[in-house]
Amino acid sequence: MRFDVVSIFPEYLAPLDLSLIGKARTEGLLELKVHDLRGYTQDRHRTVDDTPYGGGAGMVMKPEPWAQALTDIAVASPTSDGVKPTLIVPSPAGEVFTQALAYELAETEHLVFACGRYEGIDERVLEWAAEDYIVRPVSLGDYVLNGGEVAVLAMVEAIGRLVPGVVGNPESLIEESHSDGLLEYPVYTKPSSWREREVPDVLLSGNHGKIAKFRKELQLRRTAERRPDLIAALDVSNVSKADKNI
Ligand SMILES: Nc1cc(-c2ccc3cc[nH]c3c2)n[nH]1
């Protein structure tokens, strides 16, 4: 799987050299290249923004540097299956990024991320890019950042960790939050007694059936308390009606 990221702050993406994603890149499980948008400007001031048509505060990112960068990236890495690469454009006005979308995108051969800044990217870039890309504006959540880089850090980590071999023990992907539509259960480790707080006895029992039941009940309770919206969306085939009333 290949990731390309375009930004005027390439150093913002440096954390992707670290930890699991960095190790996966070293091992060749993932390819990731960060591109400085200013490398695609033509003027000596390396201009990437200008005033908005129609007025309004702030500046808008000029279209031409984006077209040059996105053309370069698509030509440099043609997909083996002839499917257009996917262009993810972080935006508060995009579809919300979810674990389901992370799984979907983890199946994509080539993901390109366009990190906007200022008031955003000239809309014509997204229209133009649709000739050679599957264009998807994506929101990290209903809050406003100053640019797309933070969203890309989160998405590359969430997607990259799903690529086979990146996470050492694939079983750890099974029982995490949102993998089954529920929030994850609480976890504990040694010592069993800590500052007069005890680990739940059932977890020390060795009875795997009881432990699984206990954990599922805690997932349901935690989800009902913190994310009632997820309870409504639950696929009832994996939860009995009685469980949903916890
Ligand atoms: N979920 C979310 C995305 C953003 C975002 C994404 C790109 C730009 C460019 C300028 N401001 C931006 C904000 N804020 N919140």
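A residue counts as buried under 20% relative accessible area, as exposed over 50%, and as partly exposed in between. With those cut-offs in hand, E217 comes out as partly exposed because its relative accessibility is 26%. This is a predicted model, and the picture below starts from E217 and its salt-bridge partner before moving on to other charged pairs, the ligand and E184.

E217 teams up with K213, the two side chains meeting in a salt bridge with N and O 2.5 Å apart. Both residues sit in helix α6, which runs over residues 208-226. They are 4 residues apart, or about one turn of the helix. K213 has a relative accessible area of 54%, so this lysine is classed as exposed.

That pair is one of several charged pairings, as the structure holds 12 salt bridges. Another joins E104 to R136, where the closest N and O atoms are 2.5 Å apart. Here the bridge ties together distant parts of the chain, with E104 in helix α3 (residues 99-105) and R136 in strand β7 (residues 134-139), 32 residues apart. As for cover, E104 is partly exposed because its relative accessible area is 42%. R136, by contrast, has just 17% relative accessible area and is therefore buried.

R117 and E149 make a further salt bridge, with an N to O distance of 2.9 Å. This pair, too, links distant parts of the chain: R117 belongs to the loop between β6 (110-114) and α4 (123-129), E149 to helix α5, and the two positions lie 32 residues apart in numbering. Both partners, R117 and E149, are buried. Salt bridges also come as a network, in which R2, D4 and E31 are linked.

Turning to the ligand, 15 residues surround it, and the closest are Y118, L140, G141, Y143 and L145. Sorted by class, this shell is made up of 7 nonpolar, 7 polar and 1 charged residues. Strand β5 (residues 86-96) gives the most to the shell, with 3 residues.

Nitrogen atoms of the ligand show up in several polar contacts. On the side-chain side, a polar atom of S139 lies 3.2 Å from a ligand nitrogen. The backbone joins in as well: a polar backbone atom of G141 is 3.2 Å from a nitrogen atom of the ligand, and a backbone N or O atom of L145 lies 2.9 Å from a ligand nitrogen. Taken on its own, the ligand has 360 Å² of accessible area, and the protein covers 94% of that.

Last comes E184, which is found in the loop between α5 (149-160) and β8 (193-194). Its relative accessible area is 34%, so E184 is partly exposed. If neighbours within four places in sequence are set aside, E184 is in contact with E175, E176, S177, Q219 and R222. E184 and I211 are 27 residues apart along the chain, and their C-alpha atoms are separated by 14 Å.

How values were computed
Residues are numbered from 1 along each chain as its sequence is written. This is a predicted model: local features need pLDDT of at least 70, side-chain atom pairs count only at pLDDT 80 or more; totals for chains, interfaces and linings use all residues. Side-chain values use heavy atoms; hydrogens and water are left out. Buried means under 20% relative accessible area, exposed over 50%, partly exposed in between (1.4 Å probe, protein chains only). Contact means heavy atoms within 4.5 Å. A residue is near a molecule or strand if one of its heavy atoms lies within 4 Å of it. A polar contact is a pair of N or O atoms within 3.5 Å; within protein, one must be able to donate a hydrogen and the other to accept it, and residues adjacent in sequence count only if both atoms are side-chain atoms. Accessible areas come from the Shrake-Rupley method with a 1.4 Å probe; for residues, only the protein chains shown count as cover. Ala, Val, Leu, Ile, Met, Phe, Trp, Tyr, Cys and Pro count as nonpolar, Asp, Glu, Lys and Arg as charged, and the others, Gly among them, as polar. A salt bridge is a side-chain nitrogen of Lys or Arg within 4 Å of a carboxyl oxygen of Asp or Glu.
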